[in-house]
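Reader: I'd love a close look at the inside of this protein. Could you walk me through the cavity, and then show me how the parts around it fit together?

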Amino acid sequence: EARLAVAGCASLVDSSASGVILFDIGGGSSELVWIDLAPPADGRRRRMADRIRTWMSLPVGVVNVSERHGGRFVTREIFELMVAEVAEILADFPDGASLDAAVAAGGIHMLGTSGTVTTLAGIHLGLPRYDRRRVDGIWLNGARVAALIDDIVAMDYEGRVANPCIGRERADLVLAGCAILEAFRRRWPCERLRVADRGLREGVLVELMAEDGVWR
């Protein structure tokens, strides 16, 4: 899943960055991938999926986190418990200390592919209804992401239902997704986040096309 997500989102990677933290927040698990963009020692070009330095599948997603902590009535205290649960799991991220240092040095951006980040982007744009064409590829800075999450945490359930970019289907799940994202951001405070409305399906297509020799 990590490799396919990278393949599907490769065109949204900022090639001038030193690395990318790609994440996919799912229902029962979340994938987290460190893409190392340092030039290879042999000077040969490599596909983005071949630049994965390390990755981790976390046993937390919007469904199981909501089931444990609640989704309809979430106070700030409950939200922080969600964040803490994910942060504890992140302590086991492979080569985490090296990623900490790389983020601190600057040059790394986040790239999110999930309903959580596309929802944040839709709210940021003030869309009357979700529009993939305007969301896919948009950049959000750290301060804006923090403000958007705070706004959603402050909403009650009916307020989330009424928001056209959340709606009834996601009203009881969106806070769990925000908590997972917030745990990522607190561990690795990247200043830039790019939003992808693409992922595994596109990655499958890219891999198949590459095998057939019609995609480079």
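Author: Happily! The largest cavity is lined by Met110, Leu140, Asn141, Gly142, Val145, Arg185, Cys190, Glu191, Arg192 and Leu193. Please keep in mind that this is a predicted model. Three elements each give two or more residues to that lining: strand β5 (139-141), helix α7 (142-154) and strand β6 (192-196). Sorted by class, the lining holds five nonpolar, two polar and three charged residues. The volume of the largest cavity is about 40 Å³, and a search of the whole structure turns up one cavity of 30 Å³ or more.

From the cavity, let's follow α7 outward. Val145, one of the lining residues, also belongs to the set through which α7 meets helix α5. On the α7 side of that contact are Arg144, Val145, Leu148, Ile149 and Ile152, and on the α5 side are Leu120, Ile123 and His124. Helix α5 spans residues 115-125 and packs against α7 at an angle of about 95°, with the two axes 10 Å apart. Angles of 65 to 115 degrees count as roughly perpendicular, so α5 is roughly perpendicular to α7. By class, six residues of this contact are nonpolar, one is polar and one is charged.

Next comes helix α10, which covers residues 174-187. Arg185 in this stretch lines the largest cavity, while other residues of α10 meet two further helices, α3 and α2.

Take α3 to begin with. Helix α3 (residues 76-90) packs with α10 at an angle of about 50°, and their axes lie 8 Å apart. That angle makes α3 oblique to α10, and the crossing of the two is right-handed. From α3 come Phe79, Glu80, Met82, Val83, Val86, Ala87 and Leu90. Their partners in α10 are Leu175, Ala176, Cys178, Ala179, Ile180, Glu182, Ala183, Phe184, Arg186 and Arg187. This contact counts 13 nonpolar and four charged residues, with no polar ones.

Now for α2, residues 62-69, which packs with α10 at about 105°, again with axes 8 Å apart. Here the angle makes α2 roughly perpendicular to α10. Val62, Val65 and Ser66 in α2 meet Ala176, Gly177 and Ile180 in α10. Four residues of the contact are nonpolar, two are polar and none is charged. Ala176 and Ile180 are worth finding on your screen: both appear in the contact with α2, and both appear in the contact with α3.

Finally, there is an open space to look at. The second largest pocket has a volume of about 160 Å³. Lining this pocket are Asp24, Thr113, Ser114, Gly115, Asp197, Arg198, Gly199, Leu200, Arg201 and Glu202. Helix α11 (residues 200-211) contributes the most to that lining, with three residues. By class, one lining residue of the pocket is nonpolar, four are polar and five are charged, whereas the lining of the largest cavity has five nonpolar, two polar and three charged residues. Gly115 of the pocket lining also brings us back to α5, which spans residues 115-125.

Methods: Residues numbered from 1 in each chain as written. Predicted model: local features only at pLDDT ≥ 70, side-chain atom pairs only at ≥ 80, totals over all residues. Heavy atoms only, no water. Axes fitted to C-alpha atoms, helices over the stretch in contact; angles between N-to-C directions. Helix = DSSP H or I, 4+ residues; strand = E, 2+ residues; numbered from the N terminus. Parallel < 35°, antiparallel > 145°, perpendicular 65-115°, else oblique. Left-handed = near helix turned anticlockwise from the far one by under 90°. Contact = heavy atoms within 4.5 Å. Nonpolar A, V, L, I, M, F, W, Y, C, P; charged D, E, K, R; others polar. 1 Å grid on protein atoms, 1.4 Å probe; cavity = no way out; pocket = protein on both sides within 12 Å on 5 of 7 lines; lining within 4 Å. Points joined across faces, edges and corners; volume = space filled by probe spheres on them.
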